[in-house]
Amino acid sequence: MDIEITILFLIITFFISNIALIINACMSKKIKIICDNLEYDLEMTEDKTILELALEHDIDAPYSCQGGICSTCLAKLDKGTVQMDNNQILTDDEVEDGYILSCQARPTSDELEVNYDEV
Ligand code: FES
């Protein structure tokens, strides 16, 4: 009986300590994607990358490796912030200038604007 209470306590503690992260990941973010001179106003959650969202909506976003190596998916972040899962090609200066690998980028702000035409 004591072990069951301990396990239940650990599960509840884990859930409570991560609830902010869970809520944030589930909340949708507003994102504008500009590609081939077309603008798409979409919503997304942190569980997918910007490239995955673009492809889901049949946006003709460029990509190749989808592993953060080739930079074919390069885009300019004009508004908002992202977290890249992997970046083996962009320099710190390029990242600071707003360039992102869209295949690795997940939103960390509530509103984003990503431009594929500006690169
Ligand atoms: S598709 Fe190769 S880095 Fe994104």
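So, which residue takes a positive phi in the hairpin of E1 and E2? Hold that thought for a minute, and I'll get back to it once we've walked through the fold. One thing up front: this is a predicted model.

Okay, the overall picture. The protein has 3 helices and 7 strands. If you read along the sequence, the pattern goes α-β-β-α-β-β-α-β-β-β. Now, the dimensions. For a compact globule of 119 residues you'd be looking for a radius of gyration near 14 Å, but here the protein comes out at 18 Å. The C-alpha atoms fill a box of roughly 60 × 30 × 25 Å along the principal axes. As for burial, 20% of the 119 residues count as buried. And if you take the contacts with a separation of 6 or more, 53% of them come from residues 24 or more positions apart.

Right, on to the sheet. There's an open sheet of 5 strands, and the order is E2-E1-E7-E3-E5, with mixed pairing. At the edges you've got strand E2, which is 38-44, and strand E5, which is 99-101; each has a single partner strand, so one side of each is left without a neighbour in the sheet. On average, neighbouring strands of this sheet are turned by 30° against each other, ignoring direction. And just as a reminder, strands of a sheet pair through backbone hydrogen bonds, either parallel or antiparallel.

Let's zoom in on E1 and E2. Strand E1 covers residues 29-35, and 7 bridges join E1 to E2, with the two running antiparallel. You can follow the register by eye: Lys29 has Met44 as its bridge partner in E2, and Cys35 has Leu38.

Back to my opening question, then. The hairpin of E1 and E2 has 2 residues between the strands, and the residue we're after is Asp36, with a positive phi near 55°. Asp36 isn't a glycine, by the way, and the phi is positive all the same. Is Asp36 buried or exposed? It counts as exposed, because it has 9 C-beta neighbours inside 10 Å.

There's another one like that. Ser71 has a positive phi near 75°, and again this is a residue other than glycine. You'll find Ser71 in the loop between helix H2, residues 50-56, and strand E3, residues 74-79. Ser71 has 18 other C-beta atoms within 10 Å, so it's partly exposed.

Last stop, Ile31. This one lies in strand E1. Ile31 is buried, because 23 other C-beta atoms sit within 10 Å. What is Ile31 in contact with, leaving aside its neighbours within four places in sequence? The list is Leu42, Glu43, Met44, Leu53, Pro107, Leu112 and Val114. Of those, Met44 already came up as the bridge partner of Lys29.

And here's a nice one to check on the screen. How far apart in space are Ile31 and Thr13, C-alpha to C-alpha? They're 18 residues apart in sequence, and the distance is 33 Å.

That's my tour. If you keep one picture in mind, take the E1 and E2 hairpin: antiparallel strands joined by 7 bridges, with Asp36 in the loop between them.

Definitions and conventions: Residues numbered from 1 in each chain as written. Predicted model: local features only at pLDDT ≥ 70, side-chain atom pairs only at ≥ 80, totals over all residues. Pairing = 2+ DSSP bridges. Helix = DSSP H or I, 4+ residues; strand = E, 2+ residues; numbered from the N terminus. Axes fitted to C-alpha atoms, helices over the stretch in contact; angles between N-to-C directions. Buried ≥ 20, exposed ≤ 12 C-beta atoms within 10 Å, placed from the backbone. Contact = placed C-beta atoms within 7 Å. Rg over C-alpha atoms; globule rule 2.2 N^0.38 Å.
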